[in-house]
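Open the model in your viewer and keep the selection tool at hand. We will go from stop to stop, and at each one I will tell you what to pick and what is there.

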Amino acid sequence: MGITKNHQSEGTLRRMAEAAFPGRGVVSIRELTEGLCNAAYLLELTDGTRTVLKIAAADGQGLLRNEEGMMRAEVDALERVRGLGDVPVPAVYAHDFSRTRCSGAYFFMEALPGASMFSQRDSLPEATREALHRALGRMERRVGSLTGERFGLLGGQARYDTLLDFFRALMDNVLLDAEEKSVDLCYPYDDFRAALERDADCFREVTVPRLVHWDLWEGNIFVQDGVITGLIDWERAMWGEPFMDDRFRRHNRTSAFLEGYGQTAFSREEMRRILWYDVFLYLTMMTEGSFRQYPDDSQYRWVRPLMLSSREELDRTR
């Protein structure tokens, strides 16, 4: 558990719920512990409503430079995606970004049926997993049909005219985070910056900013009876390129997902961008533990060889 978990007393949670749901009392409150960043609680109300409350870190404690306005980003993304009508996401019931009722921004959303795909990974038959990945690929394509005017994080203030400018800013931020905590990234920090500039041309062909979840690992995919019931945790959503999402990373990319997405082969330029997005995610995961104050370095040790594989492939295929 990291320091970003902004736990609140039962009394505070009840007052937050009373403000969001006037006239309805709280029957029960249970903390949800699967997530690593925000505090989350499942509440049952007197009318039978089940709702999930998410609370952001207090005063940005333990957050990285790229983790801006995450509650606002998630509410924005959920409302946009829900408007599509055919990608399942929870409804947002209420939100409060004022930090007056508790020390963090928060929102209440619909509690989804089922459980995370990650929690069911050992019980789902292979054929079911493949079908879910195909369905997820179709949903990823649909989410990417939502377009913005400029590139950038949904929760951030900065906007960029080009994908290259946006991705350069993302990389600069994670490298500054790593430098601040003296994280060993296996290469000199400036070497990543120089290598990215050598690959600048491969980013120029992307001109349309598209909505990207970015963190769509199996813990953020809810499943019941072999069907996806919802996609959650949109707090890191961005206007970028769909290949930036977690489902395209080397440790997650499956043939079934790509079939569902509708693209099973990539040009040289696309593959180089995908490798750079690998590197960015893995550098983020190597760095965040120092900010979150995780109890051990198991995440760093797991992700380090993945980063090295992607970076070495970039160097080898240049």
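Start by selecting Arg-204 and Asp-201: they form a salt bridge, the closest N and O atoms being 3.0 Å apart. A salt bridge here is a side-chain nitrogen of Lys or Arg within 4 Å of a carboxyl oxygen of Asp or Glu. Asp-201 is exposed, with a relative accessible area of 59%; exposed means over 50% relative accessible area, buried under 20%, and partly exposed in between, using a 1.4 Å probe and protein chains only.

A note before moving on: this is a predicted model, in which local features need pLDDT of at least 70 and side-chain atom pairs count only at pLDDT 80 or more, while totals for chains, interfaces and linings use all residues. Residues are numbered from 1 along each chain as its sequence is written, and side-chain values use heavy atoms, with hydrogens and water left out.

Next, pick Glu-180 and Arg-65, whose side chains meet in a salt bridge at 3.1 Å, N to O. Glu-180 belongs to helix H4 (residues 163-181) and Arg-65 to the loop between E3 and helix H2 (70-82), so this pair ties together parts that are 115 residues apart in sequence. Helices (H or I, at least four residues) and strands (E, at least two) are DSSP runs, numbered from the N terminus. Glu-180 is partly exposed at 47% relative accessibility, and Arg-65 is partly exposed at 35%.

Now try Asp-86 with Arg-142, another salt bridge, at 2.8 Å, N to O. Asp-86 sits in the loop between H2 and E4 and Arg-142 in helix H3, so the pair ties together parts that are 56 residues apart in sequence. Asp-86 is partly exposed at 45%, as is Arg-142 at 32%.

For a wider view, select Lys-54, Glu-67, Glu-74, Asp-215, Asp-233, Glu-235, Arg-236, Glu-288 and Arg-292, which are linked in a network of salt bridges. The whole structure has 35 salt bridges.

Stay with Lys-54 and follow it to strand E5, where its bridge partner is Phe-107. Strand E3 (residues 50-55) runs antiparallel to E5, joined to it by 5 bridges; two strands pair if DSSP finds at least two bridges between them. Then add strand E4 (residues 92-96), which is also antiparallel to E5, with 4 bridges, and find Val-92 opposite Met-109 in E5. E5 (residues 106-110) is mostly covered, with 4 of its 5 residues buried.

Where does helix H7 bend? Select residues 268-292 and look for the kink of about 25°, centred on Met-286. The bend at a residue is the angle between axes fitted to the seven residues ending there and the seven starting there. H7 is mostly covered, with 20 of its 25 residues buried. Gln-293, which follows H7, has a positive phi, near 60°.

Finish with the rings. Phe-167, Phe-203, Trp-214, Trp-276, Tyr-277 and Phe-280 form one aromatic cluster; rings of Phe, Tyr and Trp (its six-membered ring) pair if their centres lie within 6.5 Å, and planes under 30 degrees apart count as stacked, over 60 as edge-to-face and the rest as tilted. Lastly, show Lys-181 over the face of Phe-291, at 5.0 Å from the ring centre, and Arg-311 over the face of Phe-192, at 5.2 Å. A charge sits over a ring if NZ of Lys or CZ of Arg is within 6 Å of the ring centre and within 35 degrees of the ring normal.

Definitions and conventions. Expected span 1.5 Å × (residues − 1).
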